[in-house]
Amino acid sequence: MEQIVEYIIAAFLVLAGIFGLTGSFGLVKLRDTMQRLHAPTKATTLGVGGVLIASMLYYGLIEDTLSFHELLITVFLFLTAPITANFIAKTYMAQNMKAEDVPDTGREHGWSVYDDPPNPPVISDTAEE
Amino acid sequence: MLLRRLVPHPLLSLLLLVVWILLVNKITVGNLLLGGVLGLLVPIFTAPYWPDRPVVHRPLKVAEYILVVLWDILVANVQVAFIVLFKPNAKIESHWINVPLELTSAEAITVLAGTITMTPGTVSAVLSADAGNILVHCLHTDDPDAVRDDIKSRYERRLKEIFQ
Amino acid sequence: MIEYALLFAMGCFGLGLLFNLWRIAVGPDAADRILALDTMVINVIALLILYGIQARTATYYEASMLVAMVGFVSTVAYCRYILRGDIIE
């Protein structure tokens, strides 16, 4: 039994390492910034997630000290990863792209990086802003 | 009703209690009580800063949505890892996709944008100025329209059921 | 068994840190550097937890949680500074 648990934990660790490395490797390999944005936000999240699951299994099944902290870190990372990605995308667009480089909204108002919100704004203060 | 006045946001209170227990990492009567008190007080004190809190209509749908998204995150990770590792750079076709939104509440759009970023090969970049469209960057796809329809049918439909 | 898996994972994340460092040095945009810094923070969190398993203490969770929070806030602050020229409006 102990043996099987150890194999499972080891498998999680190895998988997590591979995914984490893939995320960082994508950062080096891909061509432009918007493409590079994909690699770390996805692969690294699963990388850290795998490490945290392995740690939880390790403490729960081998050391017998059940610990929930890992869950909290995982949830925190899963909540913040999209927000940082969104911020970085906006930063890149504001600095390096023009409104002509992306598809049109097909509506009255353009994308919020290039166009001011209408008055009164539909959404005044969100996490996006 | 008194209970309704005392606990205006039962789900938020429960969430705060769970987070508190996770933070302390020990389940004792004292911690449960303290977490319960925090869960009751925090929503009351933060109410002025968050005027139009969304009402979650179907809590079971939230659980379904979380499971669907978790599964998609797993698939997304494998897909993106394969694209990064084995696809030559010249063959990766990235697209910008314009997704019109039917959701109107700020919280629902935030959740949708987060979901899009975490799931297969897509990153949500920016909203239109009137919050009616969302611009999505897709790492690799042959058919941008299919990706747009997928987002709309898979995530937006579920979020509409939850928030509206 | 676990010891070797731990070493392997640590090696992967350490190599990842080097890749990130390369991206920070090369750029070419501010956005690339922010992205690389953010990835670095995530890799450091993973390394801290791995070290915690290796040393068999639970002391490092608080540390990794703090790193996660500070990393998130600093990324957002950096982006905001570039977008608006100001962090708190």
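This report walks through a predicted model, starting with chain A and its partners and then moving on to chain B.

**Chain A on its own**

Chain A is a purely helical read: it has three helices and zero strands, and along the sequence the pattern is α-α-α. Of its 129 residues, buried ones make up 47%. Look at the contacts in chain A with a separation of 6 or more, and 54% of them join residues 24 or more positions apart.

**Where A meets C**

On to the neighbours. Chain A puts 44 residues in contact with 43 residues of chain C. On the chain A side, H1, helix H2 (33-62) and helix H3 (69-96) each bring at least two residues. H1(A) gives the largest share of that side, with 16 residues. Sorted by class, the side of chain A that touches chain C holds 25 nonpolar, 15 polar and four charged residues.

One helix pair here is worth a closer look. Helix H1 of chain A (residues 2-29) and helix H2 of chain C (residues 30-55) have axes that come within 11 Å and cross at roughly 165 degrees. Angles over 145 degrees count as roughly antiparallel, so that is what H1(A) is to H2(C). The crossing of these two is left-handed. From H1(A), the contact uses Gly20(A), Gly23(A), Ser24(A) and Leu27(A), while H2(C) answers with Leu35(C), Ala36(C), Thr39(C), Asn43(C) and Ala46(C). Class by class, that contact has four nonpolar residues, five polar ones and no charged ones.

**Where A meets B**

Chain A also touches chain B, with 47 residues from chain A and 35 residues from chain B in the contact. Quite a few elements of chain B chip in with at least two residues each: helices H2 (10-24), H4 (59-86) and H5 (106-118), plus strands S1 (95-100), S2 (122-127) and S3 (133-138). The chain B side breaks down into 20 nonpolar, 14 polar and one charged residue.

**Inside chain B**

Chain B splits into domain 1 (2-49) and domain 2 (59-163). Taken over C-alpha atoms, the centres of the two domains are 32 Å apart.

Another helix pair turns up in chain B: H2(B) and helix H3 of chain B (residues 29-46) pack at about 140 degrees, and their axes are 8 Å apart. That angle makes H2(B) oblique to H3(B), and the crossing is right-handed. H2(B) supplies Leu12(B), Ser13(B), Leu14(B), Leu16(B), Leu17(B), Trp20(B), Ile21(B) and Val24(B) to the contact, and the residues from H3(B) include Asn31(B), Gly35(B), Gly36(B) and Pro43(B). The tally for this contact is eleven nonpolar, five polar and no charged.

Here are the two helix pairs side by side:

| Helix pair | Axis separation | Crossing angle | Handedness |
|---|---|---|---|
| H1(A) and H2(C) | within 11 Å | roughly 165 degrees | left-handed |
| H2(B) and H3(B) | 8 Å | about 140 degrees | right-handed |

**A stop at Trp96(B)**

Finally, have a look at Trp96(B), which sits in strand S1 of chain B. It is partly exposed, as 14 other C-beta atoms lie within 10 Å. Setting aside neighbours within four places in sequence, Trp96(B) is in contact with Val102(A) and Pro103(A) from chain A, and with Leu135(B) and His137(B) from chain B. The C-alpha atoms of Trp96(B) and Val147(B) are separated by 11 Å, with the two residues 51 apart along the chain.

Definitions and conventions: Residues are numbered from 1 along each chain as its sequence is written. Chains are lettered from A and ligands numbered from 1 in the order in which they are written. This is a predicted model: local features need pLDDT of at least 70, side-chain atom pairs count only at pLDDT 80 or more; totals for chains, interfaces and linings use all residues. Two residues are in contact if their C-beta atoms, placed from the backbone, lie within 7 Å. Helices (H or I, at least four residues) and strands (E, at least two) are DSSP runs, numbered from the N terminus. Ala, Val, Leu, Ile, Met, Phe, Trp, Tyr, Cys and Pro count as nonpolar, Asp, Glu, Lys and Arg as charged, and the others, Gly among them, as polar. Axes are lines fitted to C-alpha atoms, for helices over the stretch in contact, and angles run from 0 to 180 degrees between N-to-C directions. Angles under 35 degrees count as roughly parallel, over 145 as roughly antiparallel, 65 to 115 as roughly perpendicular and the rest as oblique. A crossing is left-handed if the near helix is turned anticlockwise from the far one by less than a right angle, and right-handed if clockwise. A residue is buried if 20 or more other C-beta atoms lie within 10 Å of its own, exposed if 12 or fewer, and partly exposed in between; C-beta atoms are placed from the backbone. Domain bounds come from an automatic or database domain assignment.
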